[in-house]
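Subject: Model for you to look at

Hi,

Here is the model I promised to pass on. Have a look at it first, and then read my notes underneath.

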2 protein chains.
Amino acid sequence: MMFSTKAEYGVRVMVELARRGGDQPIPLAEIAEREGLPLAYLEHLVARLRKADLIESRRGAHGGYLLAREADQITMAEVVEALEGSIAPIECISGLPDGSVVCARETDPDHVCTTKLLWTRVRFSIIRTLTETTLADLIPTNRKQPAAA
Amino acid sequence: MMFSTKAEYGVRVMVELARRGGDQPIPLAEIAEREGLPLAYLEHLVARLRKADLIESRRGAHGGYLLAREADQITMAEVVEALEGSIAPIECISGLPDGSVVCARETDPDHVCTTKLLWTRVRFSIIRTLTETTLADLIPTNRKQPAAA
DNA sequence: TGATACCCTACTGCGCAAGTAGGTATTCGA
DNA sequence: TCGAATACCTACTTGCGCAGTAGGGTATCA
């Protein structure tokens, strides 16, 4: 297994928010019950989504959460990254802000990390897939024809 | 992080075996020292690689390991799968032998799992990348021009 | 003013990755 | 024939992070 339940649950929450849409905020308790997930745990995940500006919150009675943008303006790369942290197939490969890739084992400039090529490719293909898929692609009613993978 | 060090270390071992080539078996201790990895731990990993028929072993003095096939006949999908087990981005998505994908949460036929589409895509793109990359692609001396990712 | 909801921090249990340890079996060279 | 070198196997240990719980505080509405 590669992603934790943070990504799994969090994506479900996002889908649920998108599926209902509208301006009415949706209480997290409703989603938790409908999906059969523990509310207290979802609260942690929603906090991450909110900090990443993917959802907005309304406090108080009749409060809840709603999407910060239209569903087709939210890529799953943003969602997964907000939930899981930086996407890296293995520990030593991580993306820098400038887009380059570093390998923690490459200290000696002579000793080029041969496996880096593999993990870089894997990372790239995951990110590309997640970026090409928007939240709107996952909504059943919204039958947009997604670009073939 | 998504793959464990099993994949990381195991791939390094495979690369090292391929880099040296020849008919002389290579002792694991040599690889462990060169890569700075714990020998006793590597033994667990090579056991998996051997059971998957990716490497062969020679016991006794001057024994060691060698590739079971030519490096360009070994895909990284085989290697990673042997080390990590079946490749699935999240728990509930796993591939059946017939190639179909099941979602553990899809008990009720009415309740189609909307997130399944996403994880299926991710899984497919990972597997495709790993399958397209052979061990030979990772060997620096063997300057094959790999197909662009 | 009370109910409803978000919000925050701290704590816990547990499974598993990562590594250790110690032994056995096999093969080679001298 | 023996000892060194190596693969091979099983069991054990340790640390950490995921997954979840607990309990409060704060904002908002009717």
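Below is what I found in it, going from the overall setup to single residues.

First, some housekeeping. This is a predicted model, in which local features need pLDDT of at least 70 and side-chain atom pairs count only at pLDDT 80 or more, while totals for chains, interfaces and linings use all residues. Residues are numbered from 1 along each chain as its sequence is written, and chains are lettered from A and ligands numbered from 1 in the order in which they are written.

**Chain A**

Chain A has 5 helices and 4 strands, where helices (H or I, at least four residues) and strands (E, at least two) are DSSP runs numbered from the N terminus. Their order from the N terminus is α-α-α-β-β-α-β-β-α. Of its 149 residues, 34% count as buried; that takes 20 or more other C-beta atoms within 10 Å of a residue's own, whereas 12 or fewer makes it exposed and anything in between partly exposed, with C-beta atoms placed from the backbone. On contacts (C-beta atoms, placed from the backbone, within 7 Å): among those in chain A between residues at least 6 apart in sequence, 59% join residues at least 24 apart.

**How the two copies sit together**

A turn of 180° with a shift of 0.0 Å along the axis lays chain B on chain A, with an RMSD of 0.0 Å (least squares on the C-alpha atoms of residues with pLDDT of at least 70 in both copies). The two copies are therefore related as by a two-fold rotation axis. In chain B, B:M2 has the C-alpha nearest the axis, 2.0 Å from it.

At the interface, 29 residues of chain B are in contact with 30 residues of chain A. On the chain B side, α1 and α5 are the elements that give two or more residues, and α5(B) has the largest share with 9 residues. That side divides into 20 nonpolar, 5 polar and 4 charged residues. For these classes, Ala, Val, Leu, Ile, Met, Phe, Trp, Tyr, Cys and Pro count as nonpolar, Asp, Glu, Lys and Arg as charged, and the others, Gly among them, as polar. The copies meet through the same surface, because 100% of the interface residues of chain B are also interface residues in chain A.

**The DNA strands**

I call a residue near a strand if its C-beta atom, placed from the backbone, lies within 6 Å of it. Around DNA strand C there are 23 residues, of which A:L28, A:S57, B:S4, B:P38 and B:G60 come nearest. Two or more residues each come from α2 (28-35), α3 (39-51) and β2 (64-67) of chain A, and from α1 (5-20) and α3 (39-51) of chain B. The largest share, 3 residues, belongs to α3(A). By class, this surface has 10 nonpolar, 8 polar and 5 charged residues.

DNA strand D has 24 residues around it, with A:S4, A:T5, A:P38, A:G60 and B:S57 nearest. Here the largest share, 3 residues, is that of α3(B), and the split is 10 nonpolar, 9 polar and 5 charged.

**The core and what packs into it**

The largest nonpolar core (buried Ala, Val, Leu, Ile, Met, Phe, Trp, Tyr and Cys residues joined through C-beta atoms within 7 Å) has 73 residues. A:M14, A:V79, B:M14, B:V79 and B:L135 have the most contacts inside it. Leaving out neighbours within four places in sequence, B:L135 is in contact with B:M14, B:V15, B:A18, B:A71, B:I74 and B:M76.

Helix α4 of chain A (residues 76-84) has A:M76, A:E78, A:V79, A:V80, A:A82 and A:L83 buried. These pack against α1, α3 and α5 of chain A and also against α5 of chain B. Just after the helix, A:G85 takes a positive phi of about 90°.

**Two residues to click on**

A:I55 is in strand β1 of chain A (residues 55-58) and counts as buried, with 25 C-beta neighbours inside 10 Å. Its C-alpha is separated by 6.6 Å from that of A:Y65, 10 residues apart along the chain.

A:H62 lies in the loop between β1 and β2 of chain A. Its phi is near 60°, a positive value in a residue other than glycine, and with 8 C-beta neighbours inside 10 Å, A:H62 counts as exposed.

Cheers

Conventions: Contact = placed C-beta atoms within 7 Å.
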